[in-house]
Amino acid sequence: MASIANGHVVDVVKYNSVARMLHWIIAILIIGNIAGGLLHDPLEDIVSLMPTHKAIGITVLVLSIVRVIWRFSTSHPPLPASVTAFQRVASKIVQFVLYLLMFIMPLSGWVMTSAGTYPLTWFGLFSIPKFDVTKSDPIYGISHEAHELLGWVMLALVIGHVAAALYHHFVMKDAVLKQMA
Ligand code: HEM
Ligand code: HEM
């Protein structure tokens, strides 16, 4: 597919279809889970969001494992030449931390939930095993703190990431968003 960049017509080399599919499915699940995590307290009397939050989070973990394996075993397109050195470094850092959080958020949630008494199931279909953790173990406190704090960090990074994608598309008018679309 062709695109206009700085007045020149260039071919858009897309991420492969599996990479794109995984990016968008995981993105939707994560945005839903950040919202669900933050809203579960205020909405507690109306709806119980936590069982779904936990099942979505475990799904993100599994899909992220597939995604990282796929990322390292297939090629991905280079950024358009018009992208500046600063933008390249910034996007590398943000994307790397997003990848890290795709693992740390589900794992910390899983560890802290393991210390609780509520059942842990995948959408009620089958039960997910719990780690051997109690609320007096330091790992429980660390996971709980990390989950709450890093949830906000992830929200901030996702906002920055989306803002950058929209900036490329609407202001720089380059192919960055089209490569992932
Ligand atoms: C994509 C993965 C996940 C994201 C982005 C995410 C995000 C969040 C956020 C933003 C909160 C609100 C924190 C706050 O109150 O400030 C939260 C709370 C919570 N999450 Fe997750 N979460 C994920 C996965 C999981 C998983 C896999 C579990 C458990 C199996 C889990 C269990 C919980 C619990 C129990 C709370 C409530 C903590 C409390 O109110 O004390 N989360 N999550
Ligand atoms: C929770 C939400 C999201 C997460 C965790 C996320 C994460 C990521 C990660 C890790 C990459 C790097 C892919 C790779 O090179 O392997 C990426 C690329 C990309 N994402 Fe997202 N993303 C999210 C949402 C979005 C949204 C909503 C948009 C668009 C509005 C978007 C646009 C893009 C684009 C254009 C790229 C390619 C950037 C490049 O080639 O450097 N993402 N995303």
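**Exercise 1. Which residues is His147 in contact with, leaving aside its neighbours within four places in sequence?**

Solution.
Step 1: Know the model. This is a predicted model, in which local features need pLDDT of at least 70, side-chain atom pairs count only at pLDDT 80 or more, and totals for chains, interfaces and linings use all residues. Residues are numbered from 1 along each chain as its sequence is written, chains are lettered from A and ligands numbered from 1 in the order in which they are written, and side-chain values use heavy atoms, with hydrogens and water left out.
Step 2: Apply the contact rule. Contact means heavy atoms within 4.5 Å.
Step 3: Read off the partners. Leaving aside neighbours within four places in sequence, His147 is in contact with His53, Met105, Ser108, Gly109 and Met112.
Step 4: Place the residue. His147 sits in helix H4, residues 138-172. Helices here are DSSP runs of H or I with at least four residues, strands are E runs of at least two, and both are numbered from the N terminus.

**Exercise 2. Decide for His147 and then for Ser127: buried or exposed?**

Solution.
Step 1: Set the cut-offs. Buried means under 20% relative accessible area, exposed means over 50%, and partly exposed lies in between (1.4 Å probe, protein chains only).
Step 2: Test His147. Its relative accessibility is 15%, so His147 counts as buried.
Step 3: Test Ser127. Its relative accessible area is 57%, so Ser127 is exposed.
Step 4: Locate Ser127. It belongs to strand E4, residues 126-127. Not counting residues up to four places away in sequence, Ser127 touches Leu120 and Thr121. The C-alpha atoms of Ser127 and His144 are separated by 22 Å, and the two are 17 residues apart along the chain.

**Exercise 3. Describe how H1 packs with H2.**

Solution.
Step 1: Recall the two descriptors. Two packed helices are described by the angle between their axes and the distance between the axes. Axes are lines fitted to C-alpha atoms, for helices over the stretch in contact, and angles run from 0 to 180 degrees between N-to-C directions.
Step 2: Take the values. H1 (residues 17-39) and H2 (residues 50-73) pack at about 150°, with axes 9 Å apart.
Step 3: Classify. Angles under 35 degrees count as roughly parallel, over 145 as roughly antiparallel, 65 to 115 as roughly perpendicular and the rest as oblique. H1 and H2 are therefore roughly antiparallel to each other.
Step 4: Give the hand. The crossing of H1 and H2 is left-handed. That means the near helix is turned anticlockwise from the far one by less than a right angle; clockwise would be right-handed.
Step 5: Sort the contact residues. This contact has 13 nonpolar, 8 polar and 1 charged residues. Ala, Val, Leu, Ile, Met, Phe, Trp, Tyr, Cys and Pro count as nonpolar, Asp, Glu, Lys and Arg as charged, and the others, Gly among them, as polar.

**Exercise 4. Repeat for H3 and H4.**

Solution.
Step 1: Helix H3 (residues 85-114) and H4 pack at an angle of about 145°, and their axes are 8 Å apart.
Step 2: Their crossing is left-handed.
Step 3: The contact residues divide into 18 nonpolar, 10 polar and no charged.

**Exercise 5. How many helices and strands are there in the protein?**

Solution.
Step 1: Count. There are 5 helices and 4 strands.
Step 2: Order them. Along the sequence the pattern is β-β-α-α-α-β-β-α-α.
Step 3: Add the overall figures. The C-alpha trace spans about 60 × 30 × 30 Å along its principal axes. Of the 181 residues, 32% are buried.
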